[in-house]
Amino acid sequence: HRIIGTVGLFVLLAGAIVVVFGSAGKRVPSPFPARQFELGSQLTVGADQIGVLVVTTLAGLGLFFFLRSTSTGTAILAVVDRRDVAALAGIDVHRVSRISWILGTMMAAVAGILLSPLVILDWLFFALLVIQALSGAMFGYLRSIPLALAGGVVVGLGESLLTKYGPSQGALIGVRSSFSFIVLFAVLVFYAVRGAGRGQAR
């Protein structure tokens, strides 16, 4: 029921966005200066890209230390791991869930603000972006924030390099657009094999 409700809410919000703002993509100004830095003769990095990397790293590290170093963060981890056991231990699971949703919404808002100037603001693109984000997050198996950040960098750099140096024709032309799906599939297979190996060891 929760999955069906989530999908239904997504369709409702997507339709409302199209009605209110229209279906045409829009561009928004970047909060960072429009400067370019040349790293060698073939590589150029924008100030906005550096800003996104710095802010994302700081936000991820801040969230990591919040979860590991505060009582509220420990309660969140406990509820995520075993909700029923956390309730038996006296943790207010409903309060913790509300805090988790607030934190998640804040992080999503920051991500949207950072990403919107880099792409054309389009509801369909951001819907498909969930797959790319999930590919990075699965590096940490939805448990490790540092690994999730590293996974996001790997996916982003991989797609950028494929865009610049990848094949422009032939059977491999779709590798760039499918890169995040390939990474997600490979990570899921890795964790499945790893889990099966641990099960046999026991």
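In which helix does Glu159 lie? Glu159 lies in helix α7, and the model that shows this is a predicted one. Before returning to that residue, it helps to set out the elements of the chain.

The secondary structure of the protein comes to eight helices and two strands. Read along the sequence, these elements follow the pattern α-β-β-α-α-α-α-α-α-α. The two strands, β1 (36-39) and β2 (43-46), are among the elements that cover the buried residues of α2. Of the 202 residues in the protein, 18% are buried. Among contacts between residues at least 6 apart in sequence, 49% join residues at least 24 apart.

Helix α2, residues 47-69, is a good place to start, as several of the contacts described here involve it. At 1.5 Å a residue, the 23 residues of α2 should span 33 Å, and the end C-alpha atoms of α2 are 32 Å apart, which agrees. The buried residues of α2 are Ala47, Gly51, Val52, Gly60 and Leu67. What covers them includes, besides the strands, α3 (71-81), α5 (93-115) and α7.

One of these covering elements is α7, residues 145-165. The axes of α2 and α7 come within 9 Å and cross at roughly 160°. Angles over 145 degrees count as roughly antiparallel, so α2 is roughly antiparallel to α7. The crossing of α2 and α7 is right-handed. On the α2 side, the residues in contact are Leu53, Thr56, Thr57, Gly60, Leu61, Leu63, Phe64 and Leu67, and on the α7 side they are Ile145, Pro146, Leu149 and Val153. By class, this contact of α2 with α7 has nine nonpolar, three polar and no charged residues. Gly60 and Leu67, which take part in the contact with α7, are also among the buried residues of α2.

Helix α2 also meets α5. The axes of α2 and α5 come within 10 Å and cross at roughly 170°. That angle makes α2 roughly antiparallel to α5. Here Val52, Val55, Thr56, Ala59, Leu63 and Phe66 in α2 meet Leu103, Met107, Val110 and Leu114 in α5. By class, the contact of α2 with α5 has nine nonpolar, one polar and no charged residues. Thr56 and Leu63 of α2 appear in the contact with α5 and also in the contact with α7. The spacing of contact residues along a helix can be read with a general point in mind. An α-helix has 3.6 residues a turn, so residues three or four places apart point the same way.

Helix α5 has 23 residues and reaches 32 Å from its first C-alpha to its last, close to the 33 Å expected at 1.5 Å a residue. The buried residues of α5 are Val93, Val96, Ser97 and Leu114. What covers these residues includes α2, α3 and α4 (83-88).

The packing of α3 against α5 has another geometry. α3 and α5 pack at an angle of about 100°, with their axes 10 Å apart. That makes α3 roughly perpendicular to α5. Thr72, Ala75, Ile76 and Val79 of α3 and Val93, Val96, Ile99, Ser100 and Leu103 of α5 make the contact. By class, the contact of α3 with α5 has seven nonpolar, two polar and no charged residues. Leu103 of α5 is in this contact with α3 and is also one of the residues that meet α2.

Two loop residues link parts of the chain that are separated in sequence. Arg35 is found in the loop between α1 (2-21) and β1. Leaving aside its neighbours within four places in sequence, Arg35 is in contact with Val45, Gly46 and Ala47. Ala47 is one of the buried residues of α2. Arg35 and Asp48 are 13 residues apart in sequence and 7.8 Å apart in space, C-alpha to C-alpha. Ile120 has its place in the loop between α5 and α6 (123-137). At 43% relative accessibility, Ile120 counts as partly exposed. The C-alpha atoms of Ile120 and Gly25 are separated by 5.6 Å, with the two residues 95 apart along the chain.

The path ends with Glu159 in α7. Is Glu159 buried or exposed? Glu159 is buried because its relative accessible area is 9%, and buried means under 20%. Not counting residues up to four places away in sequence, Glu159 touches Gln132, Arg176, Phe179 and Ser180.

Key
Residues numbered from 1 in each chain as written. Predicted model: local features only at pLDDT ≥ 70, side-chain atom pairs only at ≥ 80, totals over all residues. Heavy atoms only, no water. Axes fitted to C-alpha atoms, helices over the stretch in contact; angles between N-to-C directions. Helix = DSSP H or I, 4+ residues; strand = E, 2+ residues; numbered from the N terminus. Parallel < 35°, antiparallel > 145°, perpendicular 65-115°, else oblique. Left-handed = near helix turned anticlockwise from the far one by under 90°. Contact = heavy atoms within 4.5 Å. Nonpolar A, V, L, I, M, F, W, Y, C, P; charged D, E, K, R; others polar. Expected span 1.5 Å × (residues − 1). Buried < 20%, exposed > 50% of the residue type's maximum accessible area, 1.4 Å probe, protein only.
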